[in-house]
Amino acid sequence: MSEIAVESFPRIRTGAKVRPVTQDAPVTRYLLIATTLVFSLTFLFAPLALVFVEAAAKGFSVFLEAFSEPDAIAAIKLTLLVAAIAVPANLVFGLAAAWSIAKFSFPGKSLLITLIDLPFSVSPVVSGLVYVLVFGAQGLFGKWLSAHGTQVIFAVPGIVLATIFVTFPFVARELIPLMQEQGTVEEEAALTLGASGFTTFVTVTLPNIKWGLLYGVLLCNARAMGEFGAVSVVSGHIRGLTNTIPLQVEILYNEYNTVAAFALSVLLASLALVTLGIKSFLEWRHADALAAGGGRH
Amino acid sequence: MTSPTLAGRHARRFKAPSVIPGFGVTFGYTLLYLGLVVLFPLATLVWRSSGLGLSGLYQIALEPRVAASLQTTFAVSFLAAGIDLFFGLIAAWTLTRYQFPGRRLLDAFVDLPFALPTAVAGISLAALYAPNGWFGAPLADLGVKIAFTRWGILVALVFIGLPFVVRTVQPIIAELETELEEASATLGASRLQTVVRVLLPPLVPALLTGFALAFARGVGEYGSVIFISGNIAYVSEIAPLLIIEKLEQYDYAGATGIATIMLAISFVALLVINLIQAWSRKRFGHV
Amino acid sequence: MHRGRGKFCGLFRALAVAGAFGVFGGFSAQAAQSLLNVSYDPTRELYKQINPAFAAYWKSKTGEAIEVQASHSGSGAQARAVIDGLNADVVTLALAADIDAIATKTGKIPADWQRRLPNNSSPYTSTIVFLVRKGNPKAIKDWDDLAKPGVAVITPNPKTSGGARWNFLGAWGYGLEKFKGDEAKTKAFVKAIYKNAPVLDTGARGSTITFAQRGLGDVLIAWENEAFLALKEFGPDKFEIVAPKRSVLAEPPVAVVDANADGKGNKKAAEAYLEFLYTPGAQALIAKNFYRPAHPEFATKEDLAKLPKIEFFTVDKTFGGWAAAQKKFFADGGVFDDIQTQEPAK
């Protein structure tokens, strides 16, 4: 007993190195690592590898050609535009929702969180359909919209709306648990010391949540650019006009243009990888920030 | 960063009116935005199916084909979420607790299903598991068929749901305090006992959330599934496909009916999970 | 707090505006007069060639530049999109029933639309044939061979795919003739074919890919032009086309969506576009893309020689029109559901 206790002291100080009691036996460790590796290789890495292999099947120049197609360029532009609107919209919402849910107490909180989660569980087919029911010519506002000559679905606004719906929970979902965990003590201290609400948010809350916030934004962005089902329903599939990258991928694939289809997929997959690279970098920075923060307290 | 004392004070503060400003604005905006973007369109969906009445909905759910597809959808999603739960926990543990070459890369791959368009995922999975694919060919030699069967749906849903489990569990594992493990070991518990009695309980709410999100996502999934499922009625037909079939006949009431049924089930599942979460947060403090 | 959000908002609004500028800037560069043709899946290659040809023709005739935009997806989904407000000037779909649906649900097309252009408004026709693996290892000659045990048949799902409905009707029409109008025997025959289907893809292209790229099945039931296209894409050394003795005559119709075209000031161009489809140049392109032209005299001999001789029956004569066929076979509780119901779980 006492031996173990004595041994555990230097461990706390030095961090990772040797940790008999809190570390699993080597057999367990290797078994778990092997399981993780095999599982990720078959389920995550293999599909991605296939995308890259197919894209490179006919050589690099053919791969590059896929990006000079006017329709592909239009799809890339549209995708960027949609993400540039949807992500900030959900970012602002995520901050507001997390602030009100994490920093205050009110009844029905679980219900509210569930409603925020709901778009995760709505079938993409349905997420598109609901906007058709609201804005379609036969829908709720159809008559009014067509009388005013406004097109919502089968045009950019509809695609943006469907994307916002699908990526709705990402930022909020990332921030709520984080801010709940951090509590309100630091903000209260700042406010007591005379800081304004805004100053408190910027100088106290934001630094605490910035990495979580960025991570949420990155995920939201990746999903916004990759959404297929919902956008497919409201897009109208007009070539060079209302096709986003995922829709263009489907078109190319259906035209037996496998290389170009997978080349555009590589673009989205690379986006995912870049996103993840940034995230790893942030976590690395985060570790420093954590250490510094720990020192400050 | 988070200490129990902080959470404790936090919990006490909740009862009293807060000095923190901005509740009205942020709460109001949250409700407004949620209402406009999510609730209003979904309400339109429910309203469109309301012509059927409750008995009409019930009847749609009982149509043999609809019933079979709902059963397939929910059963396979449940199974897939279970598989994600098991392997997701292992992956989250390995990625957080161990150092090994390639860990960062592996960690990065976990988010891939979020970013890859579902159609691309479906196409690649179908290509991998088809009888002439990288995995399908050797499996076919063993007499195992994955693509174009129910197993195909399972594979797609496991892929889609994995990040939800890993990403909800990972931060909690990172926050686990090693003091507890040390205390447990000091008191003579075996490693297994420590894992089961000390480490696992605080992970349960996160695991449940991850499971619920993976399950909910699986229920609705369409793009990646149709490429690999085979879409045979009564065998491998998923509920979202039936919505498309109903629309194909201009049967909006039927389509919105199935959508409403799915929405209701998912909503209840998520709500139950979030209530469990809230309860455990109160009970365990900060988890 | 809200000043904070205001700052964020401002930043992102700027971003969004910049993005919007980039994209719309891109759009406006090509904004001459434009015509939207909403079509179904297998016509992509055809209209890719027709559209620039029409633009050149229109330029030479009127001196005006025009761009034809194309939208392709499943025929039913496209009809629904037009009903829900997709601003199509012309629709070129797989079934008359889909255009009928637009006419009755929106009134944007007059009910007698099919009489406005020659050949029931079908500038091209097609039929259903079989694609088999090279050497025809299962010796598939006609519809009978599809019902034999041990033959794996690839066909899309008639509930979601227009092309699949033609496949079904092809088999049914053949059965009716063979069993001298005995519906029960025909049903058993068609059921045997669908029992041989391991996969029902949601669309015709999906089935072609399943058959050609995934290597599933012994025979693909497909549009004639799809079969030829697959032959061209994947190589004649891999597959061959088998023409049944009798098959269904598919008449994909076209129509101007009057209300939309009027609204956009495109009526003349839209009408000219559809009439252009019947001109010698377009008819030759049609034959080149493996459709059967309404005016075979305008096509080259080689293109026509590729199309096999098949005895046709029509949906109107054999099934009493599309509305009746749709209701009897493909609606919920129809014959197709029935065929599948009796075969619960493997």
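Helices here are DSSP runs of H or I with at least four residues, and strands are runs of E with at least two, numbered from the N terminus.

**Start with chain B**

The model is predicted. Select chain B and show it as a cartoon. By that assignment, chain B has 14 helices and 0 strands, and its elements from the N terminus on read α-α-α-α-α-α-α-α-α-α-α-α-α-α. Along the principal axes, the C-alpha atoms of chain B fill a box of roughly 65 × 55 × 30 Å. Colour the chain by burial next: 52% of the 287 residues of chain B count as buried. If you draw the contacts in chain B between residues at least 6 apart in sequence, 77% of them join residues at least 24 apart.

**Add chain A**

Bring in chain A and select the residues on both sides of the boundary with chain B. You should have 88 residues of chain A in contact with 86 residues of chain B. On the chain A side, helix α2 (residues 26–55) is the element to highlight, since the largest share, 15 residues, comes from α2 of chain A. Colour this side by residue class: 56 residues are nonpolar, 22 are polar and 10 are charged.

Stay on chain A and split it by domain. Domain 1 covers 1–55 and domain 2 covers 60–296. Between them, 5 residues of domain 1 of chain A are in contact with 8 residues of domain 2 of chain A. The domain 1 side of that boundary consists of 4 nonpolar residues, no polar ones and 1 charged one.

**Move to the boundary of chains B and C**

Hide chain A and show chain C beside chain B. Here 24 residues of chain B are in contact with 24 residues of chain C. On chain B, select α2 (23–49), α4 (64–97) and α13 (239–248): each supplies at least two residues to the side that touches chain C. Of the elements on this side, α13(B) gives the most, with 4 residues. By class, the chain B side has 15 nonpolar, 6 polar and 3 charged residues.

**Chain C as a whole**

Show chain C alone. It has 17 helices and 11 strands, and buried residues make up 51% of its 346 residues. For contacts in chain C between residues at least 6 apart in sequence, 71% join residues at least 24 apart.

Before going into detail, colour chain C by pLDDT. The average for chain C is 88, and 90% of the residues score at least 70. Now select residues 1–31 of chain C: the pLDDT over this stretch is below 50, and the model gives it 34 contacts beyond near neighbours in sequence. Where pLDDT is low, the predicted coordinates should not be read in detail. For the complex, the predictor reports an ipTM of 0.82 and a pTM of 0.84.

**The two domains of chain C**

Colour domain 1 (32–122 + 252–277) and domain 2 (125–250 + 310–341) of chain C separately. Their centres, taken over C-alpha atoms, are 28 Å apart. At the boundary, 14 residues of domain 1 of chain C are in contact with 17 residues of domain 2 of chain C. On the domain 1 side, pick out α3 (75–83) and α4 (96–106) of chain C, each of which supplies at least two residues. The largest share of this side, 3 residues, comes from α4(C). The domain 1 side divides into 7 nonpolar, 4 polar and 3 charged residues.

**Zoom in on helix α9 and strand β6 of chain C**

Select residues 204–212 of chain C, which form helix α9; 9 of its 9 residues are buried. Among them are C:Arg205, C:Ile209 and C:Phe211.

What do the buried residues of α9(C) pack against? Turn chain A back on to see one partner, α13 (245–254) of chain A. The others are in chain C: β4 (124–133), β5 (153–154), α7 (162–178), β6 (219–223) and α10 (224–234).

From that list, take β6(C) next. It is largely enclosed by the rest of the structure, because 5 of its 5 residues are buried. Then show the strands that pair with β6(C). β4(C) runs antiparallel to β6(C), with 5 bridges between them; C:Val132 has C:Val219 as its bridge partner in β6(C). β5(C) runs parallel to β6(C), joined by 2 bridges, and C:Ile154 stands opposite C:Leu220 in β6(C).

Definitions and conventions:
Residues numbered from 1 in each chain as written. Chains lettered and ligands numbered in written order. Predicted model: local features only at pLDDT ≥ 70, side-chain atom pairs only at ≥ 80, totals over all residues. Contact = placed C-beta atoms within 7 Å. Nonpolar A, V, L, I, M, F, W, Y, C, P; charged D, E, K, R; others polar. Domains from an automatic or database assignment. Buried ≥ 20, exposed ≤ 12 C-beta atoms within 10 Å, placed from the backbone. pLDDT = per-residue confidence, 0-100. Pairing = 2+ DSSP bridges.
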